[in-house]
Amino acid sequence: MNDLILIGAGGLAREVAEAVAAADRYRIVGIVDDDAALHGTSVGGISVIGGLEQLYWDRSSHVVVCTGQGQTRRAIVAQLAEHDIGPSRFGTVVHPSVHVPRSCFLGVGSVLLAHVAITADARIGRHVVAMPNVTVTHDDVIGDYATLCAGVSLAGGVSVGEAAYLGTNASVRQNLRVGADSTLGMGSSLLNDLPDHQTWAGVPARLLGASPHLRAAATMEAVS
């Protein structure tokens, strides 16, 4: 059984720890977090053993980044790469209730929590987090560092860009694109492509906080 260190002493770390315990694949030896006030404390019964520098000295343990925002995961992975901590060091956590079909791909460092459903020919990138009861259907492509919150449902042929964030119970119509570094609000239904770096919400989802004129322009851009 391989040793595993979790990065980030928040709620996601506790959820990942439960999935790790259920799968019985790794032995968690600690959590690292750059918040010095947390050092020496525990999260979910797991000791916070220091900051990221702990990983620069430990060259054997696997690591998983347990921060909820994809942009933060991306920044941490880039920082680790500067210290020669690369893909071979990252663990992948899959709750035992989750089946990854043979036709599907799952990247290193990703986390699939309880009851994620994956059907066929889906591609899930590196350092993706899929929270409980996410549905990923045929031919979906999930970019690196994307976050799919609990209950997200993707119809077939959906493309989710790098570091996109899909809120709880959001749904996306087939063959649409969710842009990189974009956000789809909780409970939203996406019926048009969502451009990069934008936040949309609602049923149907529209550009958040914009006037009706700007929302219409954003929609025209998305479908052009």
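1. Surface. About 9900 Å² of accessible surface is computed for the chain, and carbon and sulfur atoms hold 52% of that area. The model is a predicted one, and the values below should be read as computed from its atoms. Buried residues account for 48% of the 224 residues.

2. Overall dimensions. Along the principal axes, the C-alpha atoms occupy a box of roughly 55 × 40 × 30 Å. The radius of gyration is 18 Å; a compact globule of 224 residues would have one near 17 Å, so the chain agrees with that expectation. Of the contacts in the chain with a separation of 6 or more, 27% are between residues 24 or more positions apart.

3. Secondary structure. The chain has four helices and 23 strands. One open sheet contains five strands in the order 3-4-2-1-5, and its pairing is mixed. Strand 3 and strand 5 (62–65) are at the edges; each has a single partner strand, so one side of each lacks a neighbour in the sheet.

4. Pairing of strands 2 and 4. Strand 2 and strand 4 (residues 46–50) run parallel and are joined by two bridges. One residue pair can be named here: Val-32 has Gly-50 in strand 4 as its bridge partner.

5. The loop at Ala-37. Strand 2 (26–32) and strand 3 (42–43) are connected by a loop that includes Ala-37. Ala-37 has a relative accessible area of 63%, and it is classed as exposed because that value is over 50%. Between Ala-37 and Glu-53 there are 15 Å in space, C-alpha to C-alpha, for a separation of 16 residues in sequence.

6. Nonpolar cores. The largest nonpolar core comprises 30 residues. Ile-118, Leu-154, Val-160, Leu-166, Val-172, Leu-184 and Leu-190 have the most contacts inside this core. Another core, of 22 residues, lies apart from it; Val-20, Val-48, Val-64 and Val-93 are among its members.

7. Leu-166 in the largest core. With neighbours within four places in sequence left aside, the contacts of Leu-166 include Leu-154, Val-160, Val-172 and Leu-184, which are also listed with the most contacts inside the core. Leu-166 is in contact with Thr-147, Leu-148, Cys-149, Val-152 and Val-178 as well.

8. Ser-110. This residue is in the loop between strand 7 (105–106) and strand 8 (111–112). Its relative accessible area is 0%, so Ser-110 falls under the 20% limit and is buried. The side chain of Ser-110 reaches the backbone nitrogen of His-127 at 3.2 Å. Leaving aside neighbours within four places in sequence, the residues in contact with Ser-110 are Gly-91, Thr-92, Val-93, Gly-125, Arg-126, His-127 and Val-128. Of these, Val-93 is also a member of the core of 22 residues.

9. Asp-181. A second loop position worth checking is Asp-181, between strand 19 (177–178) and strand 20 (183–184). Asp-181 has 18% relative accessibility and counts as buried because the limit is under 20%. Its side chain makes a polar contact of 2.8 Å with the side chain of Arg-74. Not counting residues up to four places away in sequence, Asp-181 touches Arg-74 along with Gln-71, Glu-162, Ala-163, Ala-164 and His-197.

Note on methods:
Residues numbered from 1 in each chain as written. Predicted model: local features only at pLDDT ≥ 70, side-chain atom pairs only at ≥ 80, totals over all residues. Heavy atoms only, no water. Core = buried A, V, L, I, M, F, W, Y, C linked by side-chain atoms within 4.5 Å. Buried < 20%, exposed > 50% of the residue type's maximum accessible area, 1.4 Å probe, protein only. Contact = heavy atoms within 4.5 Å. Pairing = 2+ DSSP bridges. Rg over C-alpha atoms; globule rule 2.2 N^0.38 Å. Areas by Shrake-Rupley, 256 points an atom, 1.4 Å probe, with all protein chains shown as cover. Polar contact = N/O pair within 3.5 Å; in protein donor to acceptor, adjacent residues only side chain to side chain.
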